[in-house]
Amino acid sequence: MLAHVEDAYEALYTGRSYQHEIGLVDRLLDVRLPPPPEDEEPEPRRVLEIGCGTGSSTVAFAEQGAEVVAIDVVAQDLALARLRCAGHGLSAEFLELNATEVGVELQDRHFDIIVFHASLE
């Protein structure tokens, strides 16, 4: 099934600027974490980002002080996301996982916010 999605994606983007699409998504998404409840002591928010791609949103979350676990199924995108975070002097945990594996692989972890947008899963 994944091969069909990959074929459709390639057909859709043949001759189109992927970098332009990334810029468009970055401009459309105002990536801000909600503030903590007023009765809680501020501490780093734990964010699970499903389908992090090349890390644009990951950087935005980390810049706001979040502890980010970012997952994606594309190893090359994860490598770029790691470089992007490092280039901004930020850190995040990157895992090569499918969204369907989260319940098993991360079952003992707690997250304040789960972000799952603009992903083909």
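**Strand pairing, buried segments and salt bridges**

In the central part of the chain, I50 has F116 in strand β4 as its bridge partner. Strand β4 covers residues 113–116 and runs parallel to β1, the two being joined by 4 bridges. Strands pair when DSSP finds at least two bridges between them, and the elements themselves are DSSP runs, with helices (H or I) of at least four residues and strands (E) of at least two, numbered from the N terminus. The model is a predicted one, in which local features need pLDDT of at least 70 and side-chain atom pairs count only at pLDDT 80 or more, while totals for chains, interfaces and linings use all residues. Residues are numbered from 1 along each chain as its sequence is written, and side-chain values use heavy atoms, with hydrogens and water left out.

Taken as a whole, the protein has 5 helices and 4 strands, which follow one another in the pattern α-α-β-α-β-α-β-α-β along the sequence. Of its 121 residues, 32% count as buried, meaning under 20% relative accessible area, with exposed set at over 50% and partly exposed in between (1.4 Å probe, protein chains only). Among contacts between residues at least 6 apart in sequence, 56% join residues at least 24 apart; here a contact means heavy atoms within 4.5 Å.

Strand β1 (residues 46–50) also pairs with strand β2 (residues 67–72), in the parallel sense and over 5 bridges. Between these two strands the chain passes through helix α3 (residues 56–63), and the resulting β-α-β crossover is right-handed; that is, with the strands pointing away from the viewer, the path from the first strand over the helix to the second runs clockwise. Within the β1–β2 pairing, V47 stands opposite V68, and E49 has A70 as its bridge partner. Since 4 of the 5 residues of β1 are buried, the strand is largely enclosed by the rest of the structure. Strand β2 is mostly covered as well, with 5 of its 6 residues buried.

On its other pairing, β2 is joined to β3 by 4 bridges, again in the parallel sense. D72 of β2 stands opposite E96 in β3. Together with helix α4 (residues 75–87), β2 and β3 make a right-handed β-α-β unit.

One residue of β1 deserves a closer look: which partners surround E49? Leaving aside residues up to four places away in sequence, E49 touches S57, T58, F61, V68, V69, A70, I71 and V115. Its side chain makes a polar contact of 2.5 Å with that of T58, a polar contact being a pair of N or O atoms within 3.5 Å; within protein, one atom must be able to donate a hydrogen and the other to accept it, and residues adjacent in sequence count only if both atoms are side-chain atoms. E49 is buried and yet has no salt bridge, the nearest side chain of opposite charge being R84 at 9.0 Å. Charges are assigned as positive for Lys and Arg and negative for Asp and Glu, with His and the chain ends not counted.

Helix α3 has 7 of its 8 residues buried, so the rest of the structure largely encloses it. The buried residues include T58 and F61, both of which touch E49. A62 of α3 is buried too, with a relative accessible area of 10%. A62 touches V68, L90 and S91, residues up to four places away in sequence being left out. A62 also lies 8.3 Å from C85, C-alpha to C-alpha, although the two are 23 residues apart in sequence. After α3 comes G65, whose phi is positive, near 90 degrees.

How many salt bridges does the structure hold? There are 2, a salt bridge being a side-chain nitrogen of Lys or Arg within 4 Å of a carboxyl oxygen of Asp or Glu. One joins R46 to D112, with the closest N and O atoms 3.3 Å apart. R46 lies in β1 and D112 in the loop between α5 (102–105) and β4, so the pair ties together parts that are 66 residues apart in sequence. R46 is partly exposed at 24% relative accessible area, and D112 is partly exposed at 35%. R109 and E93 form a salt bridge in which the closest N and O atoms are 2.8 Å apart. This pair links distant parts of the chain, R109 being in the loop between α5 and β4 and E93 in strand β3 (residues 93–96), 16 residues apart. R109 is partly exposed, with a relative accessible area of 38%, and E93 counts as partly exposed at 33%.
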